[in-house]
Amino acid sequence: MAFRGFTDRLRQADAWLDARGKWAWIAAMVAGFVIFFPLGLALLAWMIWGKQMFGFACSNRGHERGARHDFGRHGGHHRGFRATGNTAFDSYRNETLRRLEEEQGAFESFLQRLRDARDKQEFDRFMDERARVVTEPTAATETATGTEPGDQSRRGEY
């Protein structure tokens with residue numbers, strides 16, 4: 001039962017530090033090093049493995065992550081931007097974002113066509129080399145046997 005109370009206290013401290021952000025975690029780690037060296041190491045390990053050091057689990061940073069990661073194509077609706085109240089600016093921004101998305105799509109299709117052309121060129125080069133390798137040994141064997149290269153088609157003729 002005493003262990004459960006200890007883990008509850010640790011969870012409460014974790015939530016309290018999360019509510020205050022990354023700097024609270026750093027201050028707690030420094031205080032841990034000053035008070036008792038292994039405590040500071042334990043807090044450092046918890047911050048790294050718990051992703052506290054990089055701000056992924058801090059609850060007060062969640063709105064910033066949402067705005068950063070929601071940008072993109074979502075059926076014309078840009079969730080990363082909220083309305084400013086100025087309809088002229090909002091329509092200009094939405095039109096600019098739509099135009100940029102179209103340009104990005106055109107550029108991506110251009111890059112795909114370039115990749116396809118390069119792949120076709122490499123494949124054609126491979127097939128030419130393969131055809132040359134196949135014809136070169138047959139030409140060498142025909143000259144070694146003393147036949148002319150065009151004589152094979154006349155062998156069965158009378």
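## Helices, a pocket and a buried Asp

Me: What share of the contacts in the protein chain with a separation of 6 or more comes from residues 24 or more positions apart?
Reply: Keep in mind that we're looking at a predicted model. Take the contacts in the protein chain with a separation of 6 or more, then pick out those between residues 24 or more positions apart. Their share is 32%.

Me: Which pattern does the protein chain follow when you read along the sequence?
Reply: Start with what's there: the chain has five helices and zero strands. Put those in sequence order and the pattern reads α-α-α-α-α.

Me: How much of the protein chain counts as buried?
Reply: To count as buried, a residue needs under 20% relative accessible area. The chain has 158 residues, and the portion of them that counts as buried is 14%.

Me: What distance does helix α2 reach from its first C-alpha to its last?
Reply: Helix α2 covers residues 22–35, so 14 residues in total, and a helix's expected span is 1.5 Å times one less than its number of residues. That expected value is 20 Å, and the model comes close to it. The reach of α2 is 20 Å.

Me: Where do the buried residues of α2 sit around the axis?
Reply: The ones to look for are Ala24, Trp25, Met29 and Gly32. They cover an arc of only 140 degrees around the axis, so they end up on the same side of α2.

Me: Which exposed residues does the face of α2 turned away from its buried side carry?
Reply: Exposed means over 50% relative accessible area. Now flip to the face of α2 turned away from the buried side, and the exposed residues you'll find there are Trp23 and Val34.

Me: Which element gives the most to the lining of the largest pocket?
Reply: That pocket holds about 310 Å³ of space, and its lining includes Thr7, Arg11, Trp25 and Trp46. Elements giving two or more residues to this lining are α1 (2–20), α2 and α3 (37–49). With six residues, the top contributor is α1.

Me: How many nonpolar residues does the lining of the largest pocket have?
Reply: Sort the lining by class: one residue is polar and two are charged. The nonpolar count is nine.

Me: Is Asp90 buried or exposed?
Reply: Asp90 lies in helix α5 (residues 87–145). Leaving out residues up to four places away in sequence, Asp90 touches Ala83, Thr84 and Gly85. Its relative accessible area is 11%, and the cut-off for this class is under 20%. So Asp90 is buried.

Key: Residues numbered from 1 in each chain as written. Predicted model: local features only at pLDDT ≥ 70, side-chain atom pairs only at ≥ 80, totals over all residues. Heavy atoms only, no water. Helix = DSSP H or I, 4+ residues; strand = E, 2+ residues; numbered from the N terminus. Buried < 20%, exposed > 50% of the residue type's maximum accessible area, 1.4 Å probe, protein only. Arc of directions from axis to C-beta. 1 Å grid on protein atoms, 1.4 Å probe; cavity = no way out; pocket = protein on both sides within 12 Å on 5 of 7 lines; lining within 4 Å. Points joined across faces, edges and corners; volume = space filled by probe spheres on them. Nonpolar A, V, L, I, M, F, W, Y, C, P; charged D, E, K, R; others polar. Contact = heavy atoms within 4.5 Å.
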